[in-house]
Amino acid sequence: MEVVARRNEQGNYELEMGMVTLELRSDVVSALQEVIDSRLNDSSAQEEALLEKKVQNYRRLVTRLADVDGRILQKLVPKLSFAQLTVMVRLAQGDRLKDKVFANLSKQNQRQFQEDESDFGKITYQHACTCMEQIVPLIKQAADEQKTLQSEEWASLKWNSAGQVGFGLQWLLTAAADD
């Protein structure tokens, strides 16, 4: 349907929508604009608060990612673009995740990451949420792998003759020698 808007000779606004024509005075149009502006601003304030809450939750999530085993992080990092990686690292509190990610990159990717991060501008809440929505499934996968790895490590724990507990091949060899 075609909508046509114009002002008539009296200064009123006319809106034609098919067979229907509405005539609005200037003061009515001004009042409508104020109502629309206030509703848009109210909703944008609510949306901003919601985005801020989401970003805080994402911040806690990626900060905890610094505790993930390096082997799991090595699998996660190549699946992310440098933009996603930058957003993830910047959201994390402190530099632990950044340092761990950097340590798990090749020399060439380290340089690329440093360049991209320095070129990357300010991150808006909206951009952070958009990137994190794409990253969260990968983080969930990494968390599952971390749980599996931890359960395997706990299953491999051995007690030696001194009543000490440990894991790994070296520990098993030491424990076997003690027996």
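**Figure 1. The largest nonpolar core of this predicted model brings together 31 residues.** Start with the residues that have the most contacts inside this core: Val62, Leu65, Met88, Leu91, Leu97, Val101 and Met132. Several helices take part, and H1 (26-64), H2 (70-76), H3 (82-91), H4 (96-103) and H6 (125-155) each supply at least two residues of the core. The largest share, 9 residues, comes from H6. As a general background, nonpolar side chains in soluble globular proteins tend to be buried together.

**Figure 2. Val62 is a good place to zoom in on the core.** Which residues does Val62 touch, leaving aside its neighbours within four places in sequence? They are Met88, Leu91, Ala92, Leu97, Met132 and Ile139. Several of these partners, namely Met88, Leu91, Leu97 and Met132, are listed together with Val62 among the residues that have the most contacts inside the core.

**Figure 3. Helix H3 is largely enclosed by the rest of the structure, because 7 of its 10 residues are buried.** Follow the helix and you will meet the buried residues Gln84, Leu85, Thr86, Val87, Met88, Val89 and Leu91. Two of these, Met88 and Leu91, are in contact with Val62, so keep the previous view in mind. Across the protein chain, 25% of the 179 residues count as buried.

**Figure 4. The largest pocket holds about 250 Å³ of space.** Its lining is made by Leu61, Arg64, Leu65, Asp67, Val68, Ile139, Ala143, Gln146, Lys147 and Gln150. Helices H1 and H6 are the elements that give two or more residues to this lining. H6 gives the most, with 5 residues. What kinds of residues line the largest pocket? By class, there are 5 nonpolar, 2 polar and 3 charged residues. Look out for two residues from earlier views: Leu65, with its many contacts in the core, and Ile139, a contact of Val62.

**Figure 5. The largest cavity has a volume of about 40 Å³.** How many cavities of 30 Å³ or more does a search of the whole structure find? The search finds 1. Ile72, Lys75, Leu76, Lys79, Leu138, Gln141, Ala142 and Glu145 line the largest cavity. H2 and H6 each supply at least two residues of this lining, and H6 gives the most, with 4 residues. The classes here are 4 nonpolar, 1 polar and 3 charged residues.

**Figure 6. Leu138, one of the residues lining the largest cavity, lies in helix H6.** Leaving aside its neighbours within four places in sequence, Leu138 is in contact with Leu76, Lys79 and Leu80. Of these partners, Leu76 and Lys79 also line the cavity. Another lining residue, Lys75, is 63 residues from Leu138 along the chain, and the C-alpha atoms of the two are separated by 9.8 Å.

**Figure 7. Stepping back, the protein chain has 7 helices and 5 strands.** In sequence order, these elements follow the pattern β-β-β-α-α-α-α-α-α-β-β-α. Among contacts between residues at least 6 apart in sequence, 55% join residues at least 24 apart. The accessible surface of the chain comes to about 12300 Å², and carbon and sulfur atoms account for 53% of that surface.

Definitions and conventions: Residues are numbered from 1 along each chain as its sequence is written. This is a predicted model: local features need pLDDT of at least 70, side-chain atom pairs count only at pLDDT 80 or more; totals for chains, interfaces and linings use all residues. Side-chain values use heavy atoms; hydrogens and water are left out. A nonpolar core is a set of buried Ala, Val, Leu, Ile, Met, Phe, Trp, Tyr and Cys residues joined through side-chain atoms within 4.5 Å. Buried means under 20% relative accessible area, exposed over 50%, partly exposed in between (1.4 Å probe, protein chains only). Contact means heavy atoms within 4.5 Å. Accessible areas come from the Shrake-Rupley method with a 1.4 Å probe; for residues, only the protein chains shown count as cover. On a 1 Å grid over the protein atoms alone, a cavity is a set of points where a 1.4 Å probe fits but cannot get out, and a pocket is an open set with protein on both sides within 12 Å along at least five of seven lines; lining residues have an atom within 4 Å of a point. Grid points are joined across faces, edges and corners, and a volume is the space filled by probe spheres set on the points. Ala, Val, Leu, Ile, Met, Phe, Trp, Tyr, Cys and Pro count as nonpolar, Asp, Glu, Lys and Arg as charged, and the others, Gly among them, as polar.
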